[in-house]
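Hi everyone, thanks for coming. Today I'd like to walk you through how the parts of one model touch each other.

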Amino acid sequence: MSRFLLRRLLGAAVILMIISAVTFFLFFAVPRDPARFACGKICPPETLELVRHNMGIDEPVFLQYWHWLIGIFAGRDFTYGRCDAPCLGYSFVNQQPIFDAIVDRFPTTLSLTIGAAVVFLLFGIGMGMIAAARQGRPADKIASSASLIGASMQIYFVGVLATWVLVDQLQLFERPAYHELTADPVKWFSGLLIPWLVLSIIFTANYTRMTRSSMVEQLSEDYVRTARAKGMPSRTVFLRFAWRGAMGPIITIFGVDLGALLGGAIITEQTFVLHGIGELSIKAVVNQDLPMLLGVVLVAATAIVLFNIVVDAAYAFIDPRVRLS
Amino acid sequence: MTMPAPAAPDLTGVAATAAAPETAGRSPGQLTWLRFRRDRTGVISACIVLFFLLTAICAPLISLVYGNDPYTRYGQERPGLLNEYGWPVLPNGGISGEFWFGLEPGLGRDVFMMLIYGIRTSLLIAAAATVLTTVIGVVVGLTAGYAGGKTDYLVGRVIDILLSFPSTLFFIAFMPVVESIFVSAQEETPIWLRAASLITVLTLFGWATIARLLRGQVLSLREREFVEAARVTGASPARIIFKELLPNLWTPIIIQSTLLLPLFVTSEAALSFLGVGIIEPTPDWGRMIQRGAEVYREDITFLIFPGMAIVIFVLAFNLLGDSLRDALDPKTRR
């Protein structure tokens, strides 16, 4: 187990280094000057030089990358002062420390992810199970059609439409916004309810389909037939036996989805104007804010890579036949 | 749903020609067509997709008959169509006999025409990206799977890394990069270049999935006797890959690419929605939805038309992909 973890973590570190390096070099592949952008319209050459130096972009690109990399582990000294490890630098735009900006935005993304995950796991797996238990009957057909329709929905359309219907017309729901959980749990819940439901539509559709096909496959296995033949109650066969076997692929996809969502649900956050990591990353791109872009890319990629490892490890617990090698 | 013809041939294996005796004389293609024809959902969705395709092709003709075009700002040119705040005077977004789907708030363009020309933008970009992605994915996946060893290892790692990229974020971050490869920053970006950049970005992150899938299939196929036989007769690796392996993989390739196209349509619309896709004045669904999301509290109709259009199109395509899979490969029937 520990050897597996060590190997995978090393692999993850390599992937993260490659991704951040690609981001770095691609940023400078574009002939643009963030210093000019930050300096403003009227900018004397001396000031521009100074700004460039303060930003640290007067060095060769690979040296900049090296400093950035070192900064994460050892901290860095800037003209504005010392930046302690883990140091991701300062924003080109408003000189905010990147690490603080991300920490500041993370609760929004985390709330959005967790709430949506609860909704889509509950509905997706539930509907998939019902469909598998009632194969070929109306319940199955309804669940299957619903999942096909759900998979074709677009967050940026359904989200706005749902807000219009539920908030503006019927006035049933609160307008989507993020309130801190610790400050006001009720507002936190009601403000995020529409984003959760909308974000989980597509996922629910996917999980319904996957759960159904995975369960159907397990139900046709010999061990299920044996259990049924010896007179085991069908509820036990269904939930204890078949579900256990069907869980594997669902957990895999769940890990991947969770990782992707934690890196910022860009479209959802943009649609509902929630200030999470995703919204931060769009801003970083639009403002040509390299340190910010690197920061969010690192967070997003780390989430994806880490959850991949977690999933593989979890897999071994669920299914002891899988060896971690 | 009806069951397909009995004893369907194994399309993934070599036994494709060994049709069952009852259906003797029918090629696998005919069998697929037979199975597909019986699937009502599939036929209906195919009709809807065809309808969209035809509309896109005939867009200039429709514009001629209908009398409006997607670029003229009718609302600004003619008084009485938009009020002083830029909202359509008539109810429901200004729907009338002349402007079937109403007018765009502010600029006052014809929504019906923007929608129809928008199909062209979406389909062109999505189709080009699908073709490129499929070709690259097939070539890389097949080569890596057949070659094995170091090539396979290298390709496998590249795929792993590509799939670890936060893709939406990179779509956004890459657009200016790809564009700057073609034009210098000062120049105005022509629209075809914008489209080319979109296609490049979509392809760049799209091929890995299909390559990985096909690589897995090749791994099991290459141990089969017919490959060995080909190798013994002295066939070159290229011949084995494209003449022996590829014909056995058409089913997954077709299924994957029919599912890729709607995915690219939505990705393109999402990028335009986020403001990094197709720019004015080229009509585009994603950008229409973006504008619709800005004005939805005053004029919901402008959001509903492009939104419904994209939902119907994607749904039809997804259903078509599903039916195609059932028809091509009855073994994986749900």
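So, a polar contact here is a pair of N or O atoms within 3.5 Å; within protein, one must be able to donate a hydrogen and the other to accept it, and residues adjacent in sequence count only if both atoms are side-chain atoms. Between chain A and chain B we get four residue pairs in polar contact, both at pLDDT 80 or more.

Some housekeeping: this is a predicted model, where local features need pLDDT of at least 70 and side-chain atom pairs count only at pLDDT 80 or more, while totals for chains, interfaces and linings use all residues. Residues are numbered from 1 along each chain as its sequence is written, chains are lettered from A and ligands numbered from 1 in the order written, and side-chain values use heavy atoms, without hydrogens and water.

Back to the two chains. Chain A puts in 40 residues and chain B 38, with contact meaning heavy atoms within 4.5 Å. There are two salt bridges between chain A and chain B (a side-chain nitrogen of Lys or Arg within 4 Å of a carboxyl oxygen of Asp or Glu). Arg209(A) makes a salt bridge with Asp322(B), with the closest N and O atoms 3.7 Å apart.

Now, inside chain A: the assignment, automatic or from a database, gives domain 1 (2-83) and domain 2 (101-318). Their centres, over C-alpha atoms, are 34 Å apart. In contact are 18 residues of domain 1 and 16 of domain 2. The rule finds one salt bridge across that interface.
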